[in-house]
Amino acid sequence: MSGLFTRNRLIGLALAALVAIIDQVVKWYVIGPLQLRQVLHIDLLPFFDLTYTENKGISLGMFQANDMETRWLLVLLTGVIALVVLVWMMRERKLGEILGLSLILGGALGNIRDRYELGYVIDYADFHIETFRPFLIFNIADAAITIGVVIILARSLLVRDKDDTETGEAPRGETQDA
């Protein structure tokens, strides 16, 4: 069983937990001490504000959960996706892939907790250039998921693994002849 929890995988699990915790702490802070739910909007910088929104859907507000059945269906669906990402992460060996997957997993866990507890995901980060908003209002979990996906895509497109014959390792599932 110790082969399952390698150093890289433990780093990935720790990063996923850290992302989920930071996401929840920041959401608590903007809802609690900053009272963003009541004030709805706080100007911070010329290009960044805090704006309270409740996202009852998934990416880009699709599949709105306006009833209990859809809410729990989304909790189940995102939970299954998080489980698939966890299994994928635990099968990976390279830290680059593990880090990307751990960002996705941590972000998913942060948003799943919101949806489970509240029925919606709390979004607050509002990046803009004057009136132009290149992104929807998001949160730390959303940012982590996006960065994780970019890492996975970039590594799959740009990083070439050495040929198995060069490394002396047999491909997965095969044994090397002596």
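Contact means heavy atoms within 4.5 Å. Axes are lines fitted to C-alpha atoms, for helices over the stretch in contact, and angles run from 0 to 180 degrees between N-to-C directions. Helices (H or I, at least four residues) and strands (E, at least two) are DSSP runs, numbered from the N terminus.

The model is predicted: local features need pLDDT of at least 70, side-chain atom pairs count only at pLDDT 80 or more, and totals for chains, interfaces and linings use all residues. Residues are numbered from 1 along each chain as its sequence is written, and side-chain values use heavy atoms, with hydrogens and water left out.

**Exercise 1. Build the sheet.**

Task: In what order do the three strands form the open sheet?

Solution.
- Step 1. Apply the pairing rule: two strands pair if DSSP finds at least two bridges between them.
- Step 2. Take strand E1 (residues 41-45) and strand E2 (residues 48-55). Four bridges link them in the antiparallel sense. A hairpin of two residues connects E1 to E2. Asp43 faces Asp49 of E2.
- Step 3. Add strand E3 (residues 121-127). E2 and E3 run antiparallel and share six bridges. Asn55 has Val121 of E3 as its bridge partner. Glu54 sits opposite Ile122 in E3.
- Step 4. Read off the order: E1-E2-E3, an open sheet with antiparallel pairing. E1 and E3 are the edge strands, each pairing on one side only. On average, neighbouring strands are turned by 30° against each other, direction ignored.

**Exercise 2. Place helix H1.**

Task: Which strands does helix H1 lie across, and how do the axes of H1 and H5 cross?

Solution.
- Step 1. Helix H1 (residues 7-31) lies across E2 and E3. H1 runs at about 80° to E3.
- Step 2. Turn to helix H5 (residues 140-158). The H1 and H5 axes come within 8 Å and cross at roughly 150°.
- Step 3. Classify the angle. Under 35 degrees counts as roughly parallel, over 145 as roughly antiparallel, 65 to 115 as roughly perpendicular and the rest as oblique. H1 is therefore roughly antiparallel to H5.
- Step 4. List the contact. H1 supplies Val19, Ile22, Asp23 and Val26; H5 supplies Ile140, Ala141 and Ala144.
- Step 5. Sort by class. Ala, Val, Leu, Ile, Met, Phe, Trp, Tyr, Cys and Pro count as nonpolar, Asp, Glu, Lys and Arg as charged, and the others, Gly among them, as polar. The H1 and H5 contact has six nonpolar, no polar and one charged.

**Exercise 3. Follow H4 to its two partners.**

Task: At what angle do the axes of H4 cross those of H3 and H5?

Solution.
- Step 1. Helix H3 (residues 68-91) and helix H4 (residues 95-118) have axes that come within 9 Å and cross at roughly 160°. H3 and H4 are therefore roughly antiparallel.
- Step 2. Assign the hand. A crossing is left-handed if the near helix is turned anticlockwise from the far one by less than a right angle, and right-handed if clockwise. H3 passes H4 in a left-handed crossing. By class, their contact has 16 nonpolar, three polar and three charged residues.
- Step 3. Repeat for H5. The axes of H4 and H5 come within 7 Å and cross at roughly 155°. H4 and H5 are therefore roughly antiparallel. Their crossing is left-handed.
- Step 4. Inspect the contact of H4 with H5. Among the H4 residues are Gly96, Gly100 and Gly107; those of H5 include Ala141, Ala144 and Gly148. The tally is eleven nonpolar, five polar and three charged residues.
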